[in-house]
Structures are given as structure tokens and as C-alpha cells.
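Visitor: I'd like to go through how the ligand is held here, and on what grounds each label is given. Could you walk me through it?

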Amino acid sequence: MRVSEDHPRYRSLVTRERMAEMVAGGVVSVTGLIAHGRGEAFDYLLGERTTPEAEGAEMAAAALLVLSERPIITVNGNAAALAVKELGELARISDAMLEVNLFHRSDERMEKVCAFVEAGTGEQVLGRIQDGILEGIASDRARCCRSGLMAADVVLIPLEDGDRAEAMVRVGKKIISIDLNPLSRTSQAATVAVVDELTRALPNISAWVEKLRKDPKEAGRVLTNFDNRKNLTSVLDRICHHLREPSSD
Ligand code: PTJ
């Protein structure tokens, strides 16, 4: 379908078309489209822009990455389809590994997503050989890489489901989530919950990593001053305010 550039929701329509193509190509799962729609709805409620709360969380996320010893970024079908370049850029800047981790897993789909991410980032990805198990989750979703997620101290999880996020926290990982739903179990369980759209959040985090890696002491201060619970409450207040007075901010 050709989308006219002067359509007020051009960007959203183009992204939807691309996501649908990615379903046809096997990178995005069919239910990934539903997850995308939920994200769009929350983004609408947030005014479709990076809020001050998201800015603060993005800075804290960067600080956590700068201070980590073995950071890893997990990638699923939606994240790959939406932001493969930005994920590669953040992995490079923060010396993080990339690991493909799928909710709807099959060997065939795993190969497709790994190949897609490698082609889009120019980086090698983990995921094809999953020799580790994340305790406390049923089924294939527990599978991960021993040298990747299992060995990481900080895990950045874009668009992750709540079970896995909670399981990572239980085994002592520090979690950075990127999820537009401030009420999701993922956002609630995270060490730093970035409530922002993925393609806006990733370049912002990368820019902060570039700044903070020159000043680890400042990174420490940023983390000490960040309060995830307070920040999420403030995001919810913002949504409520926006619902009552949509044109006020
Ligand atoms: O590729 P797979 O098989 O691993 O499946 C990936 C999905 C995303 C389908 C799977 O992990 C899933 O079902 O996730 P959930 O539990 O629906 O959570 C996805 C969260 O991401 C929801 O809270 C959405 O609001 C949020 N979200 C969707 N699109 C975006 C987003 N957050 C930030 N940016 C987006 N573009």
C-alpha cells in the first residue's frame, strides 16, 4: 500500500506496513502486531514524544550500561523489525552483546531473526545455540545463552514480556526495560524502566552512553539519584493529566 506523506499519521502507517511485511518475512510474529498496537495506544496517551520522565530514565539506563561489566541487549522480532540499526549502534557504543530471544520460538524463526539482526547491525549475535535456562519460566521461553544473558550483569530488554523480566530480576540481573506501558510487569520489575517508544529511546540512550562513559563518577551520581518507582508514578500522573487536558502539554 502506498501511504501519502502528508497523511497526519504517516509515520505510524509506514511502520505498520513495515511490521506487516516483517510478519510475511517471518521476523515478526502475528501476535507481535497486537503488541505493536498496544504500544501505539500507550504512546498516544503519552503524547507521542519523549517525556521528561523518559529522558531521566534514558540517562539512568545509560549510566547503568556504562557501569556494567557484561551488558547484553536482548532482541525479539518486534525490536529487530522496528530498530535494528539503533540496536546495533547502542551495542557498539556500550560494548554490549546482542542476543536474540524469542517468545514465539522455532528454530526456523530463530535463524531468520538472527540473520536479520546480523545483516542490519553488522554485529554477530548470540541465540542460535541456547545452552542455558532461565529458571522459573515454563516452556521454550526459558531458553537463553550461557555466555550471553546468563553471564550478563545488566540486561537491556526492549518490549519484553513480564514473566521473563521478573525471572531475570530473580537471578540477580539489573534490568533496563524499554516499554511504553508503565503498568506492565516488565516496567514494574525493571531496575530502570524507560517508558518511551523504542526508536526514540535507543538513540537517546546511545547519546547518554557517549557522554557518561567519559565520566563514570557522574554515571554513579545519575544512578543514585534515579528512583524507578517515583519515575513510573510520575509517568502515570502525566497520562492522567493528558487524558483530562489533552492540549495542555
Ligand atoms: O518476537 P517474539 O516472538 O519474541 O515476540 C515479541 C512480543 C513483543 C510479541 C512479545 O515479547 C510480547 O508478547 O510482548 P508483550 O508482553 O506484548 O509486551 C510488549 C510490550 O511492548 C507492551 O507493553 C507494549 O506496550 C510495548 N511496546 C510495543 N511497541 C513498542 C512498545 N514499547 C516501546 N516501543 C514500541 N515501539
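Visitor: What makes the pair formed by an oxygen atom of the ligand and a polar backbone atom of His 104 a polar contact?

Guide: Keep in mind that this is a predicted model. The ligand oxygen lies 2.8 Å from a polar backbone atom of His 104, and the cut-off for a pair of N or O atoms is 3.5 Å, so the pair counts.

Visitor: Which side chain has an N or O atom 2.7 Å from an oxygen atom of the ligand?

Guide: That's Arg 109. With 3.5 Å as the limit, this pair therefore passes too. A ligand nitrogen also sits 3.0 Å from a polar backbone atom of Leu 198. As for cover, the ligand alone exposes 740 Å², and the protein buries 93% of that.

Visitor: Why are Gly 77 and Phe 103 said to surround the ligand?

Guide: A residue needs a heavy atom within 4 Å of the ligand, so that is the test they pass. The shell holds 22 residues, with Gly 77, Phe 103, Arg 109, Asp 179 and Glu 197 the closest. By class, that's seven nonpolar, eight polar and seven charged. Helix H2 gives the most, four residues.

Visitor: What about the space taken by the ligand: which pocket is that?

Guide: The largest pocket. There's about 1,100 Å³ of space in the largest pocket, and 46 residues line it, among them Ala 35, His 36 and Leu 159, which are in the group closest to its centre. H2 leads this lining as well, with nine residues.

Terms used
Residues numbered from 1 in each chain as written. Predicted model: local features only at pLDDT ≥ 70, side-chain atom pairs only at ≥ 80, totals over all residues. Heavy atoms only, no water. Polar contact = N/O pair within 3.5 Å; in protein donor to acceptor, adjacent residues only side chain to side chain. Areas by Shrake-Rupley, 256 points an atom, 1.4 Å probe, with all protein chains shown as cover. 1 Å grid on protein atoms, 1.4 Å probe; cavity = no way out; pocket = protein on both sides within 12 Å on 5 of 7 lines; lining within 4 Å. Sits in = over half its atoms within 2 Å of the grid points. Helix = DSSP H or I, 4+ residues; strand = E, 2+ residues; numbered from the N terminus. Nonpolar A, V, L, I, M, F, W, Y, C, P; charged D, E, K, R; others polar. Points joined across faces, edges and corners; volume = space filled by probe spheres on them.
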